[in-house]
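Reader: I am new to this structure and would like a close look at a single part, the packing of its helices. Please take me through it in one connected account.

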Amino acid sequence: MLSKILSYGLLGIEAYPVEIEVDVRQGLPSINFAGLPDQATKESKDRIKCAINNSGFKYPAERITVNLAPADIPKSGPAFDLAIALGILASSSQINPQSLENFAFLGELSLDGSIRPVKGGLPIAIAMRRDKNSCRRLVLPRINCAEAGIIREVSAFGVKNLKETIHFISEPDSLSPAKIDIQEALTDSGYPFDFQEVKGQALAKRALEITAAGSHNVLMIGPPGSGKTMLAKRLPSILPDISLDEALETTTIHSSLGLIPGGVGLITKRPFYAPHHSISDAAMVGGSQIPQPGEISLAHNGVLFLDELPEFRRNVLEALRQPLEEGKIRVSRINKSLSFPAKFMLVAAMNPCPCGFYTDPHKQCRCNTTKIERYLSKISGPLLDRIDIHIEVPAIKFKELAGSDNPEPSAEIRKRVKKARDIQLKRFKDDGIFANSHIGAKQLKKYCALDKEGQDLLKAAIEELGFSARAYDKILKVARTISDLDESELIQAEHISEAIQYRSLDRKLWG
């Protein structure tokens, strides 16, 4: 007897429907899979057999054929276990095949019949909403129910085991769909770090405020212990609240990798990722046989922090050039080429030399010129050009550490940042841009026009310091952000002057 059950698979962060056909008929006891299943899917036969027997049902001692359609797309993962088990029970007349209609099923089975969590609950619910001909009822592990329940057009039912699933499909009123209050989920519960904890470093704080206000990239250079990492960890505390669209994008990426904490439906804080310098380029940008998102996509709509920047492999750093420019990354493998969003703020920190004291006025540098040049040459010119703001973070003086001054808290800085972002949202409402760093070449003349004094100042700086065309654009964008923080409609000469100041450090060290 033949039965058909609907499930879903994942390609990167996109879900697609998989029709599972199960045929049980007389023959030698066996189970055969078709439709390009991977090893994890093939091994489901042992899990399914034990789960069926331990749930009070009978695994048929007949020939079983399972087809995963469409057959030309590779299937991966154990999320098809539940649907295949139900198909076997329907084909062996132990449950009513009609009760499986208008449902989609996801879940990995344990040997005792309980259902383990799976990846991709949210992207699958989004795919069901997008497909007008698809069903609107999704049965999945209870722990994944919250993320799928965000999509109101889809009814997500959470189940604990195979026995409960079979009882539910025979009596649909026995379970209620998950209901998630999105506005309550988006309520900000605060960050664990605050700029009030950072003593001194007023210039660095000012630069990070500009960074947050315009969604710019920033490079901090200074000796060990000057507070670079401490400052970077507190940057998310001054960023604007994540919007619903941004939260859905971010949660979709994390859900596709199974990184949503149990019971959490929506990621409501901007992500902060700080990969170790030993990371490979595939882990950074995405990889695997069927491409999956990497660290830069996990940091989408948030912050990617690279500490000890020169210690990263050269090919890893160069792989950042395209996503920094375009806000997305395309990963190509033999089986598939997929694009992933990667609109993140790059925050990098490094020492000025291997020992760290090249620019420190109080400690002597132990590195010779060759060592310093070799160390700095690990950061290429094209990558530096893509970083909007370069700042020096000097060692903190004792009087600043021991002083009784109360630094400004993140909440106050955040108010100014939000006000500047609101100005930008209003300005770019017809351009599909959300921050000054995303201004394209076409909009640059329109939104970053300078008066005569500003033009002369920028011309003199470019001729003297030898900035590239990309650096010229970056200066204009940063100056636009500074003027927004000042609530100035026009970019003034002092805004240009401050923006130039944030581009001179690379000439000091690399020049």
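**Helix packing**

Author: In this predicted model, Glu-209, Ala-212, Ala-213 and Gly-214 of helix 8 are in contact with Ile-413, Arg-416, Val-417, Ala-420, Arg-421 and Gln-424 of helix 18. Sorted by class, the residues of this contact are five nonpolar, two polar and three charged. Helix 8 covers residues 202-214 and helix 18 covers residues 410-427; their axes lie 8 Å apart, at an angle of about 35 degrees. The crossing of helix 8 with helix 18 is right-handed.

Another pair is helix 20 (residues 452-465) and helix 22 (residues 493-501), whose axes come within 8 Å and cross at roughly 20 degrees. Angles under 35 degrees count as roughly parallel, and helix 20 and helix 22 are therefore roughly parallel to each other. Their crossing is right-handed. From helix 20, the contact takes in Glu-453, Gly-454, Leu-457, Leu-458, Ala-461 and Leu-465, while helix 22 supplies Ala-493, Ile-496, Ser-497 and Ile-500. This contact of helix 20 with helix 22 comprises seven nonpolar, two polar and one charged residues.

The nonpolar cores complete the account. The largest has 82 residues, of which Phe-105, Met-284 and Leu-304 touch the most other members. Helix 3 (residues 81-91) gives the most to this core, eight residues. A second, separate core has 48 residues, among them Phe-195, Val-347, Ala-349 and Ile-500. Ile-500 is also one of the helix 22 residues in the contact with helix 20.

Conventions
Residues numbered from 1 in each chain as written. Predicted model: local features only at pLDDT ≥ 70, side-chain atom pairs only at ≥ 80, totals over all residues. Heavy atoms only, no water. Core = buried A, V, L, I, M, F, W, Y, C linked by side-chain atoms within 4.5 Å. Buried < 20%, exposed > 50% of the residue type's maximum accessible area, 1.4 Å probe, protein only. Helix = DSSP H or I, 4+ residues; strand = E, 2+ residues; numbered from the N terminus. Axes fitted to C-alpha atoms, helices over the stretch in contact; angles between N-to-C directions. Parallel < 35°, antiparallel > 145°, perpendicular 65-115°, else oblique. Left-handed = near helix turned anticlockwise from the far one by under 90°. Contact = heavy atoms within 4.5 Å. Nonpolar A, V, L, I, M, F, W, Y, C, P; charged D, E, K, R; others polar.
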